[in-house]
Amino acid sequence: MSFSELGLMTELCQTVSAQGYSKPTPIQSKAIPIVLQGNDILASAQTGTGKTAGFTLPLLQRLSAKTPIQSKRPVRALVLTPTRELAAQIGESVTTYGQNLTLRSAVIFGGVKINPQIATLRRGIDILVATPGRLLDHVGQKTVDLSQVEILVLDEADRMLDMGFIHDIRKIMAMLPKKRQNLLFSATFSDEIKKLADGLLNSPTFIEVARRNTTAEAVEHTVYHVDKKRKRELLSFLIGSSNWQQVLVFTRTKHGANRLARQLEQDGISATAIHGNKSQGARTKALVDFKKGSVQVLVATDIAARGLDIDNLPHVVNFELPNVPEDYVHRIGRTGRAGNKGIAISLVCIDENKLLRDIEKLLKRKITAAKVDGFHPDPSIAAEPIKNGRNYGGTAAKNKRRNTTRAHTKRSQPNNNQQRRRAEC
Ligand code: AMP
């Protein structure tokens with residue numbers, strides 16, 4: 001089916017074809033007609049599936065059907081996202097897809113000055129893309145009115161809950177008109193998400209699309225078993241010897257991301273870190289530099305990388321495996337997009353074998369192990385529990401605490417020799 005056969009108006013069809021989209025992605029084919037009809041949806045779709053256009057295009061069409069005459073436009077569509085980056089990217093998509101329409105949009109998130117946002121809101125906008133915390137700041141200052149919202153989109157709802165936004169979301173929902181259209185997107189469906197969906201959605205259509213990025217055709221997964229203290233060396237070797245030009249590397253902690261970026265620089269590989277402790281300006285600059293190729297490696301934590309939209313990213317490296325298997329899927333969702341081949345590499349030390357097994361269980365397949373001469377793990381090194389990364393919150397932190405405790409209780413008393421080896425892994 002073409003975009004126009006899905007019911008999209010000419011202005012929007014022109015924009016998507018100008019973007020080079022020849023046909024709708026599966027999520028777009030499923031979501032667009034339902035959203036155009038005004039129905040609620042509960043969609044299981046990740047970044048990389050084209051979900052942003054899947055909700056933005058029909059949302060624009062519905063709003064443009066009745067542009068308010070008054071100059072002070074009330075917010076009629078509210079898109080909530082967990083991170084600033086995702087908010088900025090959705091804001092860009094709204095601007096791009098809506099360029100032939102007269103609707104106004106704005107993006108508001110924390111970490112930047114609030115006054116320019118107040119001025120924008122005062123001028124009146126139709127579509128507001130926001131992170132929950134900053135939106136509530138505006139509500140508190142009475143600089144935004146949510147009483148006319150017709151469409152609510154919760155994007156990456158599972159992330160929002162993981163990041164502890166549930167109370168903020170509930171507060172925001174209480175300010176919206178009862179009669180409205182709701183679109184909820186989530187990569188995973190925990191009981192918490194189901195509870196949120198039950199209270200929010202009205203006879204929703206459930207839409208599920210294949211996890212495109214986990215398919216064998218799109219992404220080649222490889223694991224290298226290596227001692228912890230030699231991971232950085234192996235990473236530099238892989239990047240250098242294969243001449244990888246654009247690599248997104250994941251670490252578990254912000255501190256780890258900074259340290260690794262510094263070490264790669266020392267190895268002559270241009271690298272920068274992106275994480276929650278960096279200012280918005282620094283994060284944007286890092287992303288721009290990476291996208292345009294002036295920085296070869298972007299080292300990121302899971303939360304900072306959420307929603308990063310980098311077209312055709314060829315390589316994703318898990319310098320450390322995530323504690324929650326679903327995060328592996330999120331991470332590698334940055335590669336193998338739009339029909340391109342992606343490569344996902346994981347550097348796994350002995351401490352992480354259990355995490356690897358959990359990931360393989362989720363993917364329902366074994367990840368191919370590759371070897372590089374000179375980097376074989378030292379068999380005398382024993383596993384030790386993974387230390388908590390302080391940058392985790394919510395479920396991830398709970399799972400991690402649970403795992404760590406379990407590992408601690410299972411472990412027998414080490415002898416001196418074992419203790420020394422553990423320190424080396
Ligand atoms: P998303 O899942 O919304 O983050 O989109 C992932 C990427 O797919 C973005 O870079 C979009 O520009 C691109 N995209 C969205 N829809 C299409 C389409 N129909 N055909 C080709 N690329 C698309």
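## Salt bridges along helix 12

Let's start in helix 12 (residues 280-292), where Lys285 and Asp289 sit four residues apart and are therefore separated by about one helical turn. In this predicted model, the two side chains meet in a salt bridge, with 2.5 Å from N to O.

Asp289 also has a second partner: its side chain meets that of Lys292 in a salt bridge of 3.6 Å, N to O. Here the spacing is three residues within helix 12, again about one helical turn. The ends of this pair differ in their surroundings, because Asp289 counts as buried at 12% relative accessibility, whereas Lys292 is exposed at 61%.

## A link between distant loops

Next, have a look at Glu150 and Lys66, which form a salt bridge whose closest N and O atoms are 3.7 Å apart. This pair ties together distant parts of the chain, 84 residues apart. Glu150 lies in the loop between helix 6 (132-140) and strand 5 (151-154), while Lys66 lies in the loop between helix 3 (51-64) and strand 2 (77-80). With 28% relative accessibility, Glu150 counts as partly exposed.

You may also want to find Lys51, Asp155 and Glu156, which are linked in a network of salt bridges. The total count of salt bridges is 18.

## The seven-stranded sheet

Seven strands make up an open sheet with parallel pairing, in the order 3-4-2-5-6-1-7. At the edges are strand 3 (105-108) and strand 7 (205-208), each pairing on one side only. From one strand to the next, the twist averages 15 degrees.

Within the sheet, strand 1 (residues 41-44) pairs with strand 6 (residues 181-185) in the parallel sense over three bridges. Ala43 has Phe185 in strand 6 as its bridge partner.

Methods:
Residues are numbered from 1 along each chain as its sequence is written. This is a predicted model: local features need pLDDT of at least 70, side-chain atom pairs count only at pLDDT 80 or more; totals for chains, interfaces and linings use all residues. Side-chain values use heavy atoms; hydrogens and water are left out. Two strands pair if DSSP finds at least two bridges between them. Helices (H or I, at least four residues) and strands (E, at least two) are DSSP runs, numbered from the N terminus. Axes are lines fitted to C-alpha atoms, for helices over the stretch in contact, and angles run from 0 to 180 degrees between N-to-C directions. A salt bridge is a side-chain nitrogen of Lys or Arg within 4 Å of a carboxyl oxygen of Asp or Glu. Buried means under 20% relative accessible area, exposed over 50%, partly exposed in between (1.4 Å probe, protein chains only).
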